[in-house]
Amino acid sequence: MKNLSITLLFCAAVASCGQPEPKQTSQTAVPPAEDTIAQMPGGGPRPQSSTNEQLFRTSLTAFRTAATAGDGETIQKMMRFPLQTAPKWSDDDLRSTSPDTSAGRITEKQFSRYRDKILTPEVKAALEKENGEEVREIAVGSEDDYYRRLRPGLDSSAPLYEVYHQYPQPNGNGEHYFAFIFGKVGTEYKVTGFYAKEPVKDK
């Protein structure tokens, strides 16, 4: 009987050695690493324009918040002076006329006088709702005279960004429009230009 017990134990041990272990699962498995540009063939650091756009979007969000809340102190800090507020001119205008490209410039000391003419209730409402908004990048190499004149003093390797709104006049006769142009100053984007259908400064 003793020999039989030993034999049975030996057979059980051999049988268990021949069985595969059950596959273990884990709830904390590390997901596959995301592909990055650096991991892809020919990869490298992400383009600078992507970083610039992120900085611009951050500034735009902060600007919306300050503008719609009427936070004049923060708004002023987000402006790059002198601020161009003249109605936008085109290169075609320069061929036929001579727009006064400096008449609309506002200094930091003058800003409080004209702030409410820039941030009207209609402008604030449009910024808050984002209705009819278009955002476009103005490339570094753009030769458009209006944008070229905004660049001195800005980061010459960074694009400008224009936030354009169009909305109907209250009486239904035609459209109003305005735009803020953001340029990179140091490590952040600031408003360096504003234009609308009507001039901000009186001549």
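This section describes the fold, the nonpolar cores and one buried acidic residue of a predicted model. Local features were taken at pLDDT of at least 70 and side-chain atom pairs only at pLDDT 80 or more, whereas totals for chains, interfaces and linings use all residues. Residues are numbered from 1 along each chain as its sequence is written, and side-chain values use heavy atoms, without hydrogens and water.

The chain holds seven helices and six strands, assigned as DSSP runs (H or I, at least four residues; E, at least two) and numbered from the N terminus. Their order from the N terminus is α-α-α-β-α-β-α-α-β-α-β-β-β. Of the 203 residues, 31% are buried, that is, under 20% relative accessible area with a 1.4 Å probe, protein chains only.

The largest nonpolar core (buried Ala, Val, Leu, Ile, Met, Phe, Trp, Tyr and Cys residues joined through side-chain atoms within 4.5 Å) comprises 29 residues, and Phe63, Ile118, Leu119, Phe178, Phe180 and Phe182 have the most contacts inside it. Helix 2 (48–69) is among the elements that each supply at least two residues of this core, and its contribution of five residues is the highest. Contacts, defined by heavy atoms within 4.5 Å, link Ile118 to Leu83, Thr85, Ile106, Phe111, Val123, Phe180, Phe194 and Val200, with neighbours within four places in sequence left aside. Another core, apart from the largest, has twelve residues, including Trp89 and Tyr164.

Asp145 lies in helix 7 (residues 145–148) and counts as buried because its relative accessibility is 5%. Its side chain makes a polar contact with that of Trp89 at 2.8 Å; such a contact is a pair of N or O atoms within 3.5 Å, within protein one able to donate a hydrogen and the other to accept it, and residues adjacent in sequence count only if both atoms are side-chain atoms. Beyond residues up to four places away in sequence, Asp145 touches Trp89, Asp91 and Leu94.

Terms used: Buried < 20%, exposed > 50% of the residue type's maximum accessible area, 1.4 Å probe, protein only.
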